[in-house]
Amino acid sequence: MTSHHFKVNGKDVSVDCDDDVRVLWVLRDLLGIKGPKYGCGINVCKACTCHINGRAFNPCSVPVSKLDSSDEITTIEGLPDTVGKDLHPMQEAWLDMDVPQCGYCQPGQIMAAVDLVKKRGTDISDDDLDTLRNICRCGTYSRIREAIKEGAKNM
């Protein structure tokens, strides 16, 4: 086992595990952070989407050995802290637009949406939304799209 050091939601963390353990399992099983969900484990469904150094990534596909001590992971639990509020504007939009049905994919959807707005700006087009690949098994895509546009206006 190796000791791995990095930041999660603004806090320095240290975990001892094998180098090939995926970051998703480090977050969920070793650190007890349950927001990022396990869906497919092969970087397809994107239910686990988080941010690393401010950009979206899928921790199910990244071994912990790829993290550096200067890397900072933000999960859905830490997203409000990035704006100094109880909820991030994208989370507020999700609630206002009544997006969640089962809710399983929502943390990953929100994290991907925030990254999209960071990349494209607050005027989000349908073409921009078409670039998102997060899967929603309940099919709430129309509400997800509305919430992203609404959340972007308030970011």
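# Reading a five-stranded sheet and its helices

Tutor: Welcome! The open sheet here has five strands in the order 2-1-5-3-4, and the pairing is mixed. Please keep in mind that this is a predicted model.

Student: Thanks! Which strands are the edge strands?

Tutor: An edge strand is one that pairs on one side only, and here these are strand 2 and strand 4.

Student: How does the pairing of strand 1 and strand 2 look?

Tutor: Strand 1, residues 2-8, and strand 2, residues 11-17, are antiparallel and are joined by seven bridges. You can follow one of them by eye: T2 has C17 of strand 2 as its bridge partner.

Student: How many residues lie between the strands in that hairpin?

Tutor: Two residues lie between them. Look at N9 in this loop between strand 1 and strand 2. N9 is not a glycine, yet its phi is positive, about 50°.

Student: Where else can I find a positive phi in a residue other than glycine?

Tutor: Try K46, with phi near 70°. K46 belongs to the loop between helix 1 and strand 3. You can also look just after helix 2, where D98 has a positive phi near 55°.

Student: Back to the sheet, please. How does strand 1 run with respect to strand 5, parallel or antiparallel?

Tutor: Strand 1 and strand 5, residues 72-74, run parallel and are joined by two bridges. On this side, K7 stands opposite E72 of strand 5.

Student: Where do the side chains of a strand point?

Tutor: As a general idea, side chains in a regular strand alternate between the two faces of the sheet.

Student: How much are neighbouring strands turned against each other in this sheet?

Tutor: On average they are turned by 40°, with direction ignored.

Student: Which strands does helix 1 touch?

Tutor: Helix 1, residues 23-30, packs on the sheet and touches strand 1, strand 2, strand 3, strand 4 and strand 5. Its direction makes about 100° with that of strand 2. Helix 3 packs on the sheet too, touching strand 3, strand 4 and strand 5. The direction of helix 3 makes about 45° with that of strand 3.

Student: Now the helices. At what angle do helix 2 and helix 3 pack?

Tutor: For a pair of helices, begin with the angle and the distance between the axes. Helix 2 and helix 3 pack at about 125°, and their axes are 10 Å apart. Helix 2 and helix 3 are therefore oblique to each other. Their crossing is right-handed.

Student: Which residues make that contact?

Tutor: Helix 2 brings M90, Q91 and W94, while helix 3 brings Q106, Q109, I110, A113, V114 and V117. Sorted by class, this contact of helix 2 with helix 3 has six nonpolar residues, three polar ones and no charged ones.

Student: And how do the axes of helix 2 and helix 5 cross?

Tutor: The axes of helix 2, residues 89-96, and helix 5, residues 141-153, come within 8 Å and cross at roughly 135°. Helix 2 and helix 5 are therefore oblique to each other. The crossing of helix 2 and helix 5 is right-handed. The contact is made by P89, M90, A93 and W94 of helix 2 with I144, A147, I148, E150, G151 and A152 of helix 5. Of the residues in this contact of helix 2 with helix 5, eight are nonpolar, one is polar and one is charged.

Student: Which residues of helix 2 are buried?

Tutor: They are P89, M90, Q91, A93 and W94. The cover over the buried residues of helix 2 includes helix 3 and helix 5.

Student: Can we try single residues? Is N58 buried or exposed?

Tutor: Buried counts as under 20% relative accessible area. N58 has 10%, so it is buried. N58 sits in the loop between strand 4 and strand 5. Leaving aside residues up to four places away in sequence, N58 touches N43, K46, C48 and T49. You met K46 earlier, with its positive phi.

Student: What about the relative accessible area of E146?

Tutor: E146, in helix 5, has a relative accessible area of 44% and is partly exposed. E146 also shows how sequence and space can be read together. E146 and V99 are 47 residues apart in sequence, and 8.9 Å separate them in space, C-alpha to C-alpha.

Conventions:
Residues are numbered from 1 along each chain as its sequence is written. This is a predicted model: local features need pLDDT of at least 70, side-chain atom pairs count only at pLDDT 80 or more; totals for chains, interfaces and linings use all residues. Side-chain values use heavy atoms; hydrogens and water are left out. Axes are lines fitted to C-alpha atoms, for helices over the stretch in contact, and angles run from 0 to 180 degrees between N-to-C directions. Helices (H or I, at least four residues) and strands (E, at least two) are DSSP runs, numbered from the N terminus. Angles under 35 degrees count as roughly parallel, over 145 as roughly antiparallel, 65 to 115 as roughly perpendicular and the rest as oblique. A crossing is left-handed if the near helix is turned anticlockwise from the far one by less than a right angle, and right-handed if clockwise. Contact means heavy atoms within 4.5 Å. Ala, Val, Leu, Ile, Met, Phe, Trp, Tyr, Cys and Pro count as nonpolar, Asp, Glu, Lys and Arg as charged, and the others, Gly among them, as polar. Two strands pair if DSSP finds at least two bridges between them. Buried means under 20% relative accessible area, exposed over 50%, partly exposed in between (1.4 Å probe, protein chains only).
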